[in-house]
Amino acid sequence: MESDAGVVQVTNFRGGFTGEDDLNNGERQQDEAIDLKLIFKEFVERFRVHNDHLYMAMLRGNLAAGLFFMEVEMSHIQQFSSAVFNAILSTPTRALPLFEHAVWELAQEHKLLPPLSRRSSIQLQLYWGVPPTPLRLLAQASVARLVCVSGIVVKVSACHARCVRAAIQCTSCSSKTYINGGRSVDLPPHCLENGGRGTATGGAGFGGGVGQRKCRPNPYTLLPMECEYEDQQIIKVQELPEDVPTGELPRHVTVVVDRYLVDRVSPGSRVQIAGIVSVQEKRGGVEGGGRKGSKGTRAAAGLRAQYLRCVGLMFITAKDGGASVQSVNQNFSSRVRSQSRMAWQVEEEAAFQRFAEQGDVYERLAQSIDPAIFGLQDQKKAIVCLLFGGTRKRQGSNYLRGDMNVLFIGDPSTAKSQLLKFTEKVAPIGIYTSGKGSSAAGLTASVISSGNGDFVLEAGSMVLADGGVVCIDEFDKMREQDQVAIHEAMEQQTISIAKANLTTMLNSRTSVLAAANPTLGSYDPLRSNEDQMDFQSSILSRFDLIFKVIDPRNPEVDNKLAQHVINLHKGGSARHSHSTTTAVVERSFFTKYISYARATRHPRISEDAMSVLLDFYVHVRREAHQQTLDALSNSGGTKAQTPIIQVTARQLESLVRITESMARMRLDVLAHRADAEEAIRLFKSATVDAIKSGVSDQSMTAAQSELVLRIEDALRRRVALGATVEHSRLMSEMARVGFDVKLVERAIYAMMKREELEWRRQRTQIHRLR
């Protein structure tokens with residue numbers, strides 16, 4: 001769609017009138033327009049909030065700052081005059097220009113306009129914090145009416161200047177005049193002065209012609225430097241992920257913003273829009289064909305595509321209630337700020353404070369993370385810490401991230417995906433995606449052509465979830481180049497783009513919750529982590545917590561888990577006796593509480609907590625160094641394997657973020673020693689355990705070592721030099737002989753390391769090299 005808000009002028013058409021009825025109707029509409037203007041003027045002058053004339057003060061302040069707009073709250077108009085409110089709802093294309101002209105006249109009467117200003121209008125913006133209409137319900141009945149919709153911005157065009165008042169000059173008599181502009185300016189075919197003849201006075205007073213000679217046909221030329229322009233921008237808004245019905249594709253709508261609403265949103269912003277449903281000619285052939293010059297082409301002119309002309313723009317700051325919408329003008333200028341905003345309700349703040357003062361906030365919130373999942377207490381606590389996050393700090397021109405990243409890697413059927421789904425629902429801003437179906441462009445951003453030579457950015461998941469959580473399932477199925485693409489987004493929390501002569505940087509201040517499986521599908525206790533994690537150290541070091549989620553295969557645990565699952569399917573109590581000590585927090589309250597804590601609390605760690613973290617970090621580094629030395633001494637001269645999970649300064653920052661998140665969830669501004677100790681315990685049960693596991697477990701008895709050597713000899717006899725065999729068939733043959741499957745895998749792994757064997761066809765075939 002080209003940049004033009006007025007391609008098609010739409011009105012509420014109610015049929016034609018003839019003769020005297022037509023004249024009376026026109027007079028009645030004119031009288032109604034005058035009455036509405038007078039009422040709106042009275043509203044701006046007299047409406048008060050706590051004895052303050054809200055809108056006169058706003059108009060005076062904005063014009064003094066050179067801002068030719070005024071934002072009006074629809075609820076205030078409804079309180080003052082139902083006639084004006086109904087006129088805006090039913091006939092906005094006629095009412096809003098009237099009210100903008102009324103505000104301009106009011107500014108002139110009170111001498112508020114700055115001197116030497118070229119502006120001829122004041123923009124009227126509407127603040128409308130009502131439940132929005134779903135995008136998929138915008139039908140023909142909504143055309144030419146004011147609606148309120150919500151969505152997420154996925155594409156923003158460049159800003160264009162649209163001519164709204166064109167200055168033209170006759171080349172014969174040099175007379176100047178002004179006509180209405182638009183996407184294209186239609187010049188009059190004849191001179192408008194004196195029926196096509198030049199006058200001695202020069203027509204409009206800007207200069208004149210001489211004598212009475214007749215002006216030639218098509219005499220006008222455009223004066224671009226004397227025209228009046230306004231900014232205009234086109235944005236593409238898509239349905240919010242939580243509003244899309246199951247099995248449906250998300251709908252989107254084109255929105256045209258102008259003047260002071262331009263460049264107010266970016267891809268990823270969640271917005272609520274008050275706009276007029278308009279239509280334009282639908283370009284392209286008719287569905288099912290379209291021969292040039294046939295009836296199909298003429299029928300295409302009857303098709304109309306809907307778009308929205310934006311008259312009010314608001315940010316959505318929380319999901320499920322909360323501080324639902326906030327004006328985009330909240331931080332528009334350091335001198336003038338809109339007074340239209342929706343803050344937290346007093347009773348909500350009191351409920352949050354009571355919840356925090358009851359104690360055991362950490363345990364109660366952890367128990368509320370999907371109670372249908374049995375066990376996984378530490379993993380649930382890690383998710384709670386991730387949802388609240390630490391404090392984002394500024395160091396000069398750089399920022400230290402406060403958002404946490406957590407990785408679950410383990411056996412199938414251990415509820416990893418279910419935890420991710422629940423987190424996406426409870427987070428104020430959450431997006432769920434799968435690693436197999438995600439590309440680097442889909443996760444970060446892509447540059448696409450707009451069709452007219454310009455290039456625009458299309459935001460990916462990590463940009464759309466700015467300020468929230470991205471849940472990536474099947475993280476191990478992502479291609480290596482796609483994992484590398486999110487390195488910058490996970491640590492610096494920005495995405496740099498340098499493509500198609502477009503260089504920019506987008507914010508991706510988001511937490512990443514990922515789930516993955518080991519290389520062979522499930523954990524092998526005879527192998528180290530380095531052999532079972534198909535990840536680079538650079539990506540693993542960006543995760544604050546790395547959990548191994550293993551099926552314990554314990555009869556006692558299996559019995560409890562079976563009872564839990566049966567209770568779920570019976571519809572009874574899904575919680576086991578040992579986990580019913582705390583009440584489950586309602587999900588909607590949970591979401592609001594997260595939004596409130598992140599918006600109002602920015603905790604820092606105390607000196608005691610800092611000393612505890614420093615001592616632990618030095619101790620872990622010393623242990624990791626000692627493990628490396630032991631591995632070198634036991635390698636027997638061969639190259640020792642470097643641990644894939646390494647302890648670096650990033651892990652110390654991770655401990656600080658975990659500590660701060662525990663203070664934030666209590667609505668505290670200072671993290672204490674107990675918070676640091678719990679952060680260390682969580683870090684030990686996750687990342688440190690993942691570092692150490694596989695080191696002591698890979699030792700075998702003498703009998704097992706001798707059996708592995710026998711299996712290697714059997715494999716050499718079975719697979720000839722240069723031959724290739726299916727992995728599944730080879731395992732079946734070795735099992736029929738009587739060898740243990742785990743030891744066979746161990747023997748294959750050892751031969752792989754010695755480069756006797758190699759994998760082929762995505763680890764489905766084994767080829768013998770030597």
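Contact, in this talk, means heavy atoms within 4.5 Å. Keep that in mind. The model on screen is predicted.

Let's start with the parallel sheet. Five strands make up this open sheet, in the order S17-S20-S23-S16-S24, and the pairing is parallel. Which strands stand at the edges? They are S17, residues 430–434, and S24, residues 545–549. Each has a single partner strand, so one side of each has no neighbour in the sheet. From one strand to the next, the twist averages 15 degrees. A quick reminder: strands of a sheet pair through backbone hydrogen bonds, either parallel or antiparallel.

Look at one pair. Strand S16 covers residues 405–410, and five bridges join S16 to S24. Find Leu407. Opposite Leu407, in S24, stands Ile546.

Now the helices on this sheet. Helix H9, residues 377–388, lies across S16, S20, S23 and S24. H9 runs at about 155 degrees to S24. Helix H10, residues 416–426, lies across S16, S17, S20, S23 and S24. H10 makes about 160 degrees with S20.

Next, the antiparallel sheet. This one is also open, with three strands in the order S27-S29-S28. Its edges are S27, residues 724–726, and S28, residues 757–760. Each edge strand has a single partner, so one side of each is left without a neighbour in the sheet. On average, neighbouring strands here are turned by 30 degrees against each other, direction ignored.

How many bridges pair S27 with S29? Three, in the antiparallel sense, and S29 spans residues 765–768. One residue to find is Glu726: its bridge partner in S29 is Gln765. Helix H23, residues 727–737, lies across S27, S28 and S29, at about 75 degrees to S27. Helix H24, residues 741–753, packs on the sheet too, touching S28 and S29. The direction of H24 makes about 100 degrees with that of S28.

Over to helix H20, residues 649–665. Here is a small check you can do yourself. At 1.5 Å a residue, its 17 residues should span 24 Å. The end C-alpha atoms are 25 Å apart, which agrees. Is H20 mostly covered or mostly open? Mostly covered: 14 of its 17 residues are buried. After H20 comes Leu667, with a positive phi near 60 degrees.

Cysteines now. How many disulfides does the structure hold? Zero. Take Cys227, which is in no disulfide. The nearest cysteine sulfur belongs to Cys163, 4.3 Å away. A disulfide needs the two sulfur atoms within 2.5 Å, so this pair does not qualify. Cys227 is buried, at 2% relative accessible area. Cys310 counts as buried as well, at 5%.

Two more residues before I stop. Glu73 sits in strand S3, residues 69–73. Is Glu73 buried or exposed? Buried, at 17% relative accessibility, because the cut-off is under 20%. Its side chain makes a polar contact of 3.1 Å with the side chain of Ser75.

Gln169 belongs to strand S6, residues 160–170. At 21% relative accessibility, Gln169 counts as partly exposed. Leu223 is 54 residues away from Gln169 along the chain, yet their C-alpha atoms are separated by 7.1 Å. Beyond its neighbours within four places in sequence, Gln169 is in contact with several residues, including Lys176, Pro219 and Tyr220. Ser174 is on that list too. The backbone oxygen of Ser174 lies 3.4 Å from a polar atom of the Gln169 side chain.

Terms used. Residues are numbered from 1 along each chain as its sequence is written. This is a predicted model: local features need pLDDT of at least 70, side-chain atom pairs count only at pLDDT 80 or more; totals for chains, interfaces and linings use all residues. Side-chain values use heavy atoms; hydrogens and water are left out. Two strands pair if DSSP finds at least two bridges between them. Helices (H or I, at least four residues) and strands (E, at least two) are DSSP runs, numbered from the N terminus. Axes are lines fitted to C-alpha atoms, for helices over the stretch in contact, and angles run from 0 to 180 degrees between N-to-C directions. The expected span of a helix is 1.5 Å times one less than its number of residues. Buried means under 20% relative accessible area, exposed over 50%, partly exposed in between (1.4 Å probe, protein chains only). A polar contact is a pair of N or O atoms within 3.5 Å; within protein, one must be able to donate a hydrogen and the other to accept it, and residues adjacent in sequence count only if both atoms are side-chain atoms.
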